[in-house]
Amino acid sequence: MGLTIGVLLTLAAVTVIAWPFVRRRGAVPGGPSSRGFELRRARGDIYRQVRQLEVDHSAGLVGKAEFRSQMDELRVTAARLLREEAALQEGDAGQPLADPMARLEQEIADARAVLAPAQERSPK
Amino acid sequence: MADLGFMAIVLGLGVALYAAAGSIAGKVYGAAELVVSARRAAYLTAPIALAGAGALIAAFATHDFSIDYVFAHSNRVMDREFIWVAFYAGNGGSLLYVTCVLAIMSAAAIHLARRRLADSLPYTTAILMAILAFFFLVMVVWANPFSHTTCPGPGGSQVACVPDDGRGINPLLTHPGMWVHPPLLMAGLAGIAVPFAYAAGALAAGRTRDEWADAARVSGIVSWAILGTGILIGAWWAYTILGWGGYWGWDPIENVALMPWLTMTAFIHSIMVQKRRGMFRMWNIVLLNIAFVLAQFGMFINRGGPVVSVHSFAGSALGQVFLGFMLLSLVFAFGVFFWRYRWLKSDRPVESFLSREVAFLLNNFLLLGITFVTLWGVVFPLITEFASDGTVTVATPYFNRVNGPLFLGLLAIMGIGPVMAWRRSSMRSLGRWLLLPVGLAVLAAAAMVVAGMREPLAVVAFSVLAFVVLVILEEWFRSTRARARAGGNWAAAWLGVIAGNRPRHGGYIVHLAIVTVAFGVVGTQFFDQRADLVLKRGESGAVGSYRLEYANLKIEERSDRTAQLAHLNVYRGNDRIGTLRAWHAFYPDFRQASVRAGIRSTPVEDLYVVPTDFLEDGRLVLRASVNPLAMWLWIAGPVFVIGTAVALWPQPALEVRPAKAQVAAGLVRGTA
């Protein structure tokens, strides 16, 4: 009984391992598309930090000057990520990204709306 | 079952080796099918290891004493609920358990990172599978849990046999705490391999930025939380069963679990600096390397290393195997680090000493300080034994005296850190935040002195604990108030604050758990009262403000033990406030006694009674103590778990559109 289960387990393992060679799929994972994914994810993290910085500022943990300085730094980082991602896509799309800063401000505003509590989002 | 089990571990070894080699070969030669095949092989190791574990558990359940491991760790009178404990009571079974856990964690880690870390995942897979292959190999060659029982045969030979009954389980393991304490410790130590593999895999792939940081942080917190919970439950087990009235003895085996936990504590703090500021990249890799090597050191000490402990698998010959693996891990971990360290530089320098980055760094130094003080305490006796004929014991006073002030400093940093801003904080802002907590902590200290507390260190420690709690409450109050101003009630606003930054506020809840543990430690260390009592039936004796009366004794004879259950009436003044039952059993086959302390627990103090001897004239010898605030040690457990769960609970994902997506609005979407 135990031996039979063991043999079946071995056969199943061989089948599962060999299956990708039977159904060939394509390139090795990784490369430009995963880099683009990383950049978008990093940009999302920056927008979250923007929102947290605003919360810390309103709670008094971060002073006004430091708030501005950190906010500028986060914007610069997000813009760099945006440009890097656009450059990565140049080969695919052909055209450069139009007005990245406006795009950035729009994204930050959208992130703020997503992350703010419901009562802050509702119009007054 | 023995056939199935052994086939499973041999198959597991082959599949893990294939997954390790196939991942690297597929990546290096650009063979996509090989990479996918190797990844699937890595997934397969989990069901294969589980099949092996299932076979061993089934063998215990059916009393299959033809398997030597089942014979050695169970018998027919063993309560069935301890089959699970018997499964990992010895070297072979515990290795099989570790292999199962590591295989499941590896499969989960590989699956969850298959998209985000696609480029480095083959290396991560190879590292995890190489570690797993090592565990399978140890079982196949040195510690097979499915080897057959042998009996003396003709001419002094050994022949396979099936004994009628087994030797039984170690009596110290027949405790509910054993259901979870060893599995959690082993899982926590094994789990450190996952963040290590993410980081080392990324370095091997040349991904030297922060790609791996998220995955390593989450998996690091998981293994850290499992290990921390295991350590706490182990302390509870020691408190209730070992009978010496304590919960932590700086035993080498306790220490080897604590050290990786402390290092991982440092890591899960400093990885936040890397994620947030692009700093401490080298430092984080070094921390992970140290934690991983310390976890291997723990395996070495635990499995037949040179230290004898109530917790270790003493007498095993596996020590050298694990020592070799630990040294190999050390060379590999730091080899990869030095190969890539030039690309691990921080994006920016530390801008101010008054910053959260520096607070985290200080926290890291203190945690590593405690780790190395503890490590020195563990290895010093080994060094002296190796260098001379004598044996030196490093006892509790060394650890308490050196680590005590470091822990106190760590608690103080725990209070100051949260009010530090990233990059820099102004003295004015800090003063505004700290004035109230510091003022109230000083007032609390004055109140303790006025109330008659004469232990300066305890006064300082309690004040620091109050300070930490007050800082957290202050931040929650201010953030909640700021949020509540936008409308809504305070409860909803507070929940919004917690949900808005789960890693930070989950961390604060964990800090509260640490404060709770420290509260219990200070209470029990500085204010405990002890008494040794010898009582006839009907006689009473005093400990602290309690009076204990020996009421009666019940004796229970079983084939494997003689158990005695003493009933004691507890009085305060003339009022009877309860009854305590303290249990003592002797297991002749093991020549070992096992006790269950009688404990009356309140938030203020524990009354703790252990029967140590039953004299022939009918008198009962008791060790009794009053342990102030002991209950808080155990209250910390659920708080710790809740805090960790909050910190790990995924934030709603921000779905950011690709840079070239031409959409007018709705560029960012939240997904729960």
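# A guided tour of chains B and A

Begin at the N-terminal end of helix H17 of chain B, where B:Asn489 acts as the cap: one of its side-chain oxygens is placed 3.1 Å from the backbone nitrogen of B:Ala491. The model on display is a predicted one.

**Helix H17 and its cover.** Extend the selection to residues 490-500 of chain B, which form H17. Buried in this helix are B:Ala493, B:Gly496, B:Val497 and B:Ile498. In an α-helix there are 3.6 residues to a turn, so residues three or four places apart point the same way. To see what covers the buried residues of H17(B), add helix H16 (456-484), helix H18 (502-527) and helix H19 (631-648) of chain B, which are included in that cover.

**Chain B as a whole.** Now zoom out to the entire chain B, in which 19 helices and 13 strands are found. Its radius of gyration is 27 Å, close to the 26 Å given by the globule rule for 672 residues, so chain B is as compact as a globular protein of that length. Along the principal axes, its C-alpha atoms fill a box of roughly 90 × 75 × 55 Å. Of the 672 residues in chain B, 58% are buried. Among contacts in chain B with a separation of 6 or more, 70% join residues 24 or more positions apart.

Display the surface next. Chain B has an accessible surface of about 27,000 Å², and 65% of this belongs to carbon and sulfur atoms. Colouring by charge picks out 52 positive and 37 negative side chains in chain B, two sets whose centres lie 16 Å apart.

**Helix H10 and the loops beside it.** Select B:Trp250, in the loop between helix H9 (213-242) and H10 of chain B. Although B:Trp250 is not a glycine, its phi is positive, at about 55°. B:Trp250 counts as buried, because its relative accessibility is 11% and the cut-off for burial is under 20%.

Proceed into H10 itself, residues 252-277 of chain B, and select B:Met259. This residue is buried, with a relative accessible area of 0%. Beyond its neighbours within four places in sequence, B:Met259 is in contact with B:Leu294, B:Phe297, B:Thr371, B:Thr374, B:Leu375 and B:Val378. Of these partners, B:Leu375 is 116 residues away from B:Met259 along the chain, yet 7.4 Å separates their C-alpha atoms.

The next stop is B:Phe280, in the loop between H10 and helix H11 (281-302) of chain B. Here too a residue that is not a glycine has a positive phi, in this case about 65°. At 10% relative accessibility, B:Phe280 is counted as buried.

**Strand S6.** Move to residues 561-572 of chain B, which form strand S6, and select B:Asn569 within it. With a relative accessibility of 9%, B:Asn569 counts as buried. Its side chain makes a polar contact of 3.4 Å with the side chain of B:Arg576. Setting aside residues up to four places away in sequence, B:Asn569 touches B:Arg547, B:Leu548, B:Glu549, B:Ala551, B:Arg576, B:Gly578 and B:Thr579.

**Chain A.** Finish by selecting chain A, which has five helices and zero strands. From the N terminus on, its elements follow the order α-α-α-α-α. Buried residues make up 42% of the 124 in chain A. Of the contacts in chain A with a separation of 6 or more, 63% are between residues 24 or more positions apart. The surface exposed by chain A is about 6,700 Å², with 61% supplied by carbon and sulfur atoms.

Terms used
Residues numbered from 1 in each chain as written. Chains lettered and ligands numbered in written order. Predicted model: local features only at pLDDT ≥ 70, side-chain atom pairs only at ≥ 80, totals over all residues. Heavy atoms only, no water. Helix = DSSP H or I, 4+ residues; strand = E, 2+ residues; numbered from the N terminus. Rg over C-alpha atoms; globule rule 2.2 N^0.38 Å. Buried < 20%, exposed > 50% of the residue type's maximum accessible area, 1.4 Å probe, protein only. Contact = heavy atoms within 4.5 Å. Areas by Shrake-Rupley, 256 points an atom, 1.4 Å probe, with all protein chains shown as cover. Lys, Arg positive; Asp, Glu negative; His and termini not counted. Charge placed at Lys NZ, Arg CZ, Asp CG, Glu CD. Polar contact = N/O pair within 3.5 Å; in protein donor to acceptor, adjacent residues only side chain to side chain.
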